[in-house]
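Subject: Structure handover

Hello,

Here is the structure I promised to pass on. Please have it open while you read.

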Amino acid sequence: MRGVVMRTPGDVRVEERDDPTILHPADAVIRLAATCVCGSDLWPYRGVQDVRDQPMGHEYVGVVEEVGGEVRNVKPGDFVVGSFFASDNTCEICRDGYQSRCVRAESMNDIGTQAQRARVPLADGTLVATPGMPEPDLIPSLLAASDVLGTGWFAAVAAQAGPGRTVAVVGDGAVGLLGVLAARRLGAERIVVFSRHEDRQKLAVEYGATDIITERGDEGVARLKELDGGLGAHSVIEAVGTQESMMQAIRCARPGGHVGFVGVAHDVRIPGDELFFAEVHLLGGPAPVRRFLPELIGLIWDRTIDPGKVFDLELPLEEAPEAYRAMDERRAIKVLLTV
Ligand SMILES: [Zn+2]
């Protein structure tokens, strides 16, 4: 089969890879309907994270081709959505809603779903079947549920976005934009997005943003406080993962407020004394997307939400190198790869 491999930073290729097979009776093999490039794939692409001959990709939707002997919940022919961590969905951590940290979690990054087919471990816990074969125009939204929507949703829930609350969103990538959508669905009153890109601002407003701030860092924090009477936001979504974005998020939150942080942290150091006096709740990490999948699939299936709009470029799998370039150069918010 064809699949994407990153040889070294910046060197993305589409190569022949071994066809996946059932390695364990809990596995399934799926044929991808679509896959995509994640903002987090840009960390190794830019050399911020080590990479050597790595199959790429962790977002996926597709049709089950084959299942192992223990699999009960999905069968060949089902259209399925899964998350970037395989999880059993039965252990104590999963039952508490933190499937991304399942005691048996396996990262789909190690499998690489930017490919024609993929093995999915712990298929019964990991995969959620859709009610039927989706209309083709629903596929981008279902693919978004696999990571960016589920991650933005978790961030909004972790930040306790809800009625009467002001939500600030740090990061205008796909996750931040879908955090806006989630905050709107959760009933937030005011949603403030930090963005200096016109196309992203437009989509943020479409998804429910009420205010846009173009300043960032401490200037951005000052602008936010001007908007909300000097107190800071009740809820803050952090969707970048840098020192600046994390501190901006913490400083945007009012005392007693909540920060949901889902940008993959790279060299973030939080000063203990500032954290102590900030008096905010922090909850974040790799989003337990599996917790939200049934609800999100339902909202997509009945066309209540349209998260697929974050894909503003579509390319065939064979053009994956151009997909990475377009996202790296911020010519695209998120690139869908057709398989
Ligand atoms: Zn588990």
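Below is what I found, starting with the domains and ending with the strands and helices of one sheet.

First, a caution: this is a predicted model.

**Domains**

The domain assignment gives two units. Domain 1 is made of 2-147 + 288-338, and domain 2 spans 151-284. Their centres, taken over C-alpha atoms, are separated by 26 Å. The contact takes 16 residues from domain 1 and 14 residues from domain 2. On the domain 1 side, helix α11 (residues 289-301) gives the largest share, with three residues.

UniProt carries two domain annotations here, both from an unreviewed entry. "Alcohol dehydrogenase-like N-terminal" is placed at residues 25-122. That stretch is 8% helix and 30% strand, with its end C-alpha atoms 9 Å apart. "Alcohol dehydrogenase-like C-terminal" covers residues 174-284. There the chain is 44% helix and 24% strand, and the end C-alpha atoms are 17 Å apart.

**The six-stranded sheet**

Six strands form an open sheet in the order β13-β12-β11-β14-β15-β16. The pairing is parallel. Strands β13 (211-213) and β16 (281-284) stand at the edges. Each has a single partner strand, so one side of each is left without a neighbour in the sheet. On average, neighbouring strands are turned by 20° against each other, direction ignored.

Now take β14 (residues 233-238). How many of its residues are buried? Six of the six are, so β14 is largely enclosed by the rest of the structure. On one side, four bridges join β14 to β11 (residues 166-170). Val-167 stands opposite Ser-235, and Val-170 stands opposite Glu-238. β14 is also joined to β15, by five bridges. There the bridge partner of Glu-238 is Phe-261. Glu-238 therefore links to both neighbours: it faces Val-170 in one pairing and Phe-261 in β15 in the other.

**Helices around the sheet**

Helix α6 (residues 174-185) lies across β11, β12 (190-194) and β14. It runs at about 175° to β12.

Helix α9 (residues 243-252) is mostly covered, with eight of its 10 residues buried. Polar residues are among them: Ser-245, Gln-248 and Arg-251 are buried. So are Met-246, Met-247, Ala-249, Ile-250 and Cys-252. What do the buried residues of α9 pack against? They meet β11, β14 and β15 (253-261), as well as helices α8 (217-227) and α10 (272-278).

**The nonpolar core**

Nonpolar side chains tend to be buried together in soluble globular proteins. In this model the largest nonpolar core has 116 residues. Those with the most contacts inside it are Ala-28, Ala-34, Val-167, Val-169, Leu-178, Val-180 and Val-236. The core draws at least three residues from each of domain 1 and domain 2.

Val-236 is worth a look on screen. Leaving aside neighbours within four places in sequence, Val-236 is in contact with Ala-168 and Val-170. Ala-249, Cys-252 and Ala-253 are also among its contacts. The others are Ala-159, Gly-257 and Val-259.

Best wishes

Conventions:
Residues numbered from 1 in each chain as written. Predicted model: local features only at pLDDT ≥ 70, side-chain atom pairs only at ≥ 80, totals over all residues. UniProt positions renumbered as here; feature names shortened; annotations may be inferred. Helix = DSSP H or I, 4+ residues; strand = E, 2+ residues; numbered from the N terminus. Pairing = 2+ DSSP bridges. Axes fitted to C-alpha atoms, helices over the stretch in contact; angles between N-to-C directions. Contact = placed C-beta atoms within 7 Å. Core = buried A, V, L, I, M, F, W, Y, C linked by C-beta atoms within 7 Å. Buried ≥ 20, exposed ≤ 12 C-beta atoms within 10 Å, placed from the backbone. Domains from an automatic or database assignment.
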